[in-house]
Each structure stands twice: as C-alpha cells, then as structure tokens.
Amino acid sequence: MRSIADLGWLTPPSADFAEQCQALAADASRGDLGAELARLATHTLDARQARRLARAIKRIGEAGGDLTPLSPFRLAVHSNATFDFVADHLPAAAARHGVALELILLPFDQVMQEALDPASQTNQTGVDAILLALDHDWFGLASPALDDPGGALAAAVGRLIALIDALAANTSATLILSTVASPPMSLFGSLDARAPGSPRALVGALNAQIVALAQERGALLIDTHALAEQVGTERWFDPVQHLTYKLPFASALGAIYGDWLGRLLGAARGKARKCLVLDLDNTLWGGVVGDDGVEGLILGAGSARGESFLAVQKFALAMKARGVILAVCSKNDDAVARGAFENHPEMALKLADIAVFQANWLDKPSNLEAIAKALDIGLDALVLLDDNPAERAQVRAALPMIAVPELPVDPAWFASTLAAAGYFEAVGFSREDRLRAASYAADAHRAQVKATTRDLGDYLTSLDMRLAAAPFDAAGRTRIAQLINKTNQFNLTTRRYSESEVAAFEADPASITLQVRLADRFGDLGMIGVAIAKVREADGVREAAVDSWLMSCRVLGRGVEEAMLFLLLERAAAAGAARVVAQYRPTPKNAMVRDLLDRLGFARVAEDSSGVRDYQLAVRKGPLDAPPMRITRPAAWDRDLLP
C-alpha cells in the first residue's frame, strides 16, 4: 500500500469526470443528484477535480436541487493559517461520507476577533459547526519554554478556553476542536519527550488538555496530531510552503486531511457504516476452501501470508468489539464454508461472531441485498472487504452506495487499508455501541421466532419485553445525540442536536426528556427511543409541545411507540399539562410516521401545503392504561417537573 495520503482505498476517476460533474450541475431538477455526487466523490481526486465536484454541489444546492441522501452541513473554519487549499478538498471529501457541505472560510488569522464580535460572519451565519484549525504557532508553542513550561502550557490552554467561551456566548454551533501536530525539529533529541519545556513535550501536554476540553464542552474532535504522525511530521511540515504561503501543512496532504474531516462530519450526521461484510477465499484465509479443503488453507503462524490473513480476522474482531456488525458474503458451498470456521485450528473468527452468513453461488450484489434485509439496515451501511477486483467492480457498478475499498495484491496490507479508509468513524462510544453486534445477531433469532408464530400477540408475549425509561442524563448523552443525528425513518420532526444541546435540554426544567431502553429474552437492544417536549403556556392552557420523537426502526411493531406515548402522557400530567401537541414534518425518509399520530389517537388540527401536520391530544387525569410490557422508571420519576 502507498502512503495513506494517496487514499489508495479509492479508485481513480473516469476520464470523463469533469463532464459528469458539469452534466449534474446543469440538471438540478433531477431527483438522484445526491447519490450521483456521492458516487463521483468515491475516487482519488486531485485538487482540480475536487474543486470541480465542489462547484457542482454548490450550484445544485443554490438551484434548489435535491441532494438526498447527502445530509446538509454548514461549517465555518477558524484558522491562523491559509486554509484555502484545504477547502478545495473538503466538499468532495464530505460528499464521500454522506454530507453536502457548505463551507464558510473566515478571514485569515482573525480567530479571536471573529469569535468576540457578535456581528461577525461566524456569529451571524447560523452554521452547524465551527472548526478550530489552530496550530502550535497560535498557541505560542513554537519556541521552547524551559524556564516556565507550566506557565507556557497554562497560557496556551487559557487562550483556547477564552476562544471557546467567546464562541459559546455568541453562537450555539457545535465546536470541532483539533489536536496539534508536533513539529519534527528536535531540541534535545530523544530527551524531548521528557523535557517539560521542549516544543514536543508542550504540544503533547496541550493535546491532552484539548481532548479533555472536547469531552467537557461536548465538542467534536479531529485528531490532527494522529494524522500528522501517520503521514510523517517531516512530510506534514513543509517550511517553504509555511513561510511563503502560511500553509498549516504541506499542500499535498489536503486530500487526506479533507477525508479525515469528511468522515468526522459524516459520523456526526449518523452516516458512518455499521456492517463489515467479509469475503472468504483469499480474504479471510489463503486458498479456496472448496478446492484445497480446510487442511490446505493458508492461515495463522508459520508464514507471513498466513499471519496476514489472521491479522484481517483479528481486525474484524476488534471492529466487532466496538460495535461493528460482521457478515459473510462468499461464492461458496455453505456447509464447506462454515466448516472452515468450525474446524480450522487457527481461525480467530467463529461462526458466533457472524450476524449473517451468506455462502452460495448467487452474485455478490444479490447476497449483499439479502444481508442488508436480514439486518434491517440500509445498503449504505455496508462495507465489503473482497480480494477479487472483478467482484469489487461488479458491486460498485450495481450497488454504488456500498463502500468497497480497493485492496493491494499483498494481503499484509488488507487490515491497514481497511482501517485507513475510516468507514466506521465514531464521534462517541456508548454502551449501545458495544452491544450492537450481538444485538443484530439476536434480531435474526427474533425473526426466526416471528416466522414460526402465527399470532402477533403471542409473538410479542413470547419476547418477554422489558422497557426502561428515564430522563436525559450524562451517562446516556452520547447515545442520545447519536440517535438524534442518525435516525431518519421513525422521526417525527428530524431535528438534529449536538451533545451540548442535549445537555441543555437535560438541564432545562421546562423540558420533558425521555430516553428509552429495551431488552427481551434474546438480549439487550440498548437505547432505542428518544423524546423531547417543552412545557409552555398557550392560549391560557399549559401544554407539552413535542419537539422530537424518534425510535430505532428495529423495534417497530412491538408496541414500543404506544409505550413511549404512555410515558410522554405520564410526564405531561406530572408537569401539569392539559394537552400534548405534536407535529409531523415530512422528509424524504420519514414517511413511515406520516400517520403515526393519527393512529395513536391524536386529533389533527392543521396541515399546510408542504405536508406539515399539527396535532393535539388531551392529557387524561388519573391512572393511564399501561401498554403490555414491563416498564421501569427511576425513583424520582414521580416528582413534578415544574413548580
């Protein structure tokens, strides 16, 4: 594999790339433009090609074209360096990761001035996020501080906190903090890491503080320090370009930086992939199990090639441990393929690790569609790891929404190439993330039980469901924000909120907040529902106005929506509300809840030409009829929400 800066997991663009961009920009009325733009972004684009694609995205957006399935994102960039060359790559990289990026570049090295001025472009444009792309020069750490390292570090951290506080006072945008690349020039040599006042030691201590601040302030984090280390800090810092053009890093690294930022924005919008689909022959092991037999496979210790395939399996297991679902898609005899998992002594992966196992002689696209259907996830949640270039090309052509990394010939590079591609980027790691792989496997067992049960009531009873409800809290905040930002189908209003905004709802005594977890006899599904309502006075009546109500589609048809309404009514009654008002706001993906409120007994009171519907439901006094499942609440649940 080449350097990660070359984005070697992507394929080169076609010769008519420019013409394709131009044709899309000229036809803003088409309904599939977003998917086409995303497909064009999945190539190794130079700065000129990336600019061309960025212009197409901008023109289509300005013309009112449909960019679905790309999610809109307005980003302002604060930098003390010249960022224009990086900006050339950002919209294309964001589209690659599911985001239609509108970029606002702020004046060069005017970071604090922009933050402090309430009338500045930063504070008046209503951006979704602000990237603080600041280097060691801005923090005053370009020179050693041997006499007072603690003072130099405190000054650097204090300057960042002052900037964060100024922005927080004037805008509600999510902040994206960046760690700082450590300059390669040595002061003491190997002693730099231990000498508190050396630039390397100071930058290391500063980065630890930046990570802690991101956690404390609910900010996102781009680990620029890690990226610079991966490409090499000697390559990252180009003194000629820095001194001549004030570039933050070498211009040749704009594409990989753009990709790192793009995957972060995609993850923040819930676009990160969920499932790693594995080919078998010459991907998980060397050889063809149907021809060579289990005993003839190349796998495990004793040869570099065998250890390469074992490394792929171990990486897959690491992905499973952090919540990525594993599946198999192979042209093979099912029994023979499973035999390798059961009988080869060097197999790190076991059948129990695989949520869906598709080994047959059908074409790969058909099997990938079956995997997505079995897991009840979109095709755009899949990543296929396959050594065969012909199979990769077929899947890209038939199902371009599936991520298919290009792989080197040598399997020693397979695992690192997959890791470098960043398909499974995360902005948090919750209890639900740990449970996800096991939870989806349990879903398959639930589906088997449902298929053999004729009566829906009997099926639901057999699941032995337990629903746990609680207000928002710090422990659930990361998962709550994840659900809010990635749930599209069962989502009444599709409003998006950052972790810091979730924390604000949590602290607001006039807000009813609800997080719901579900478990059954097959396992724990984790947090599957979120609701927010605001208690207010309207026309002399106290009401609870539903701001957000969303659920995982995996629990549809189990009575969970009825249970959540029961809990909302219970909370509204505790807050002294006489009615609950709610709204359905249509999006391209939430048609499944178009009639939800009608079905749940709400009265429709208005509907406008865009399909927005307004509803209300009286809050009945006295005990409410509980849904048919066990519901637990915290001890403080019965207190009144408002005085």
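**Exercise 1. The open sheet**

Work out the strand order of the open sheet with 4 strands in this predicted model, and find its edges.

*Solution.*
Step 1. Read the order: β8-β7-β6-β9. The pairing is parallel.
Step 2. Look for strands with a single partner. These are β8 (356-360) and β9 (382-385), so each has one side without a neighbour in the sheet.
Step 3. Check the twist. Neighbouring strands are turned by 20° against each other on average, direction ignored.

**Exercise 2. One strand pair and the helices on the sheet**

Find how many bridges join β6 to β7, then state which strands α16 and α17 touch or cross.

*Solution.*
Step 1. Take β6 (residues 275-278) and β7 (residues 325-331). They run parallel, and 4 bridges join them.
Step 2. Pick one residue of the pair. L276 has L326 in β7 as its bridge partner.
Step 3. Add helix α16, residues 334-343. This helix packs on the sheet and touches β7 and β8. Its direction makes about 130° with that of β8.
Step 4. Add helix α17, residues 364-375. Helix α17 lies across β6, β7, β8 and β9. It runs at about 150° to β7.

**Exercise 3. Aromatic rings**

Describe the pair formed by W285 and F341: its geometry, its place in the chain and its burial.

*Solution.*
Step 1. Start with the total: the model has 9 aromatic pairs.
Step 2. Take the geometry of W285 and F341. Their centres are 6.0 Å apart, with 70° between the planes. An angle over 60 degrees counts as edge-to-face, and this pair is edge-to-face.
Step 3. Locate both residues. W285 is in the loop between β6 and α14 (289-292), while F341 is in helix α16, so the pair ties together parts 56 residues apart in sequence.
Step 4. Check burial. W285 and F341 are both buried.
Step 5. Look for a cluster elsewhere. F83, F85, W236, F249 and Y257 form one.

**Exercise 4. Charges over rings**

Find which rings have the charged ends of R159 and R338 over them.

*Solution.*
Step 1. For R159, the ring is that of W138. The charged end sits 4.1 Å from the ring centre.
Step 2. For R338, the ring is that of F357. Here the distance to the ring centre is 4.4 Å.

**Exercise 5. Cysteines**

Count the disulfides, then examine C275 and C21.

*Solution.*
Step 1. The cut-off is 2.5 Å between cysteine sulfur atoms. The count is 0 disulfides.
Step 2. Test C275. The nearest cysteine sulfur belongs to C329 and is 10 Å away. C275 is in no disulfide.
Step 3. Check exposure. C275 has a relative accessible area of 0% and is buried. C21 is buried too, at 1% relative accessibility.

**Exercise 6. Backbone details**

Locate the cis peptide bond from T68 to P69, then place D109 and T494, which have positive phi.

*Solution.*
Step 1. The bond from T68 to P69 has omega near 15°. P69 lies in the loop between α3 (47-62) and β1 (71-79).
Step 2. D109 is not a glycine, yet its phi is about 55°. It is in the loop between β2 (99-105) and α6 (111-116).
Step 3. T494 also has a positive phi, near 55°. Its loop runs between α22 (477-486) and α23 (499-507).
Step 4. Sort the two by exposure; buried means under 20%. T494 has 18%, so it is buried. D109 has 36% and is partly exposed.

Methods:
Residues numbered from 1 in each chain as written. Predicted model: local features only at pLDDT ≥ 70, side-chain atom pairs only at ≥ 80, totals over all residues. Heavy atoms only, no water. Buried < 20%, exposed > 50% of the residue type's maximum accessible area, 1.4 Å probe, protein only. Helix = DSSP H or I, 4+ residues; strand = E, 2+ residues; numbered from the N terminus. Pairing = 2+ DSSP bridges. Axes fitted to C-alpha atoms, helices over the stretch in contact; angles between N-to-C directions. Contact = heavy atoms within 4.5 Å. Phe/Tyr/Trp six-rings, centres within 6.5 Å; stacked < 30°, edge-to-face > 60°. Lys NZ or Arg CZ within 6 Å of the ring centre and 35° of its normal.
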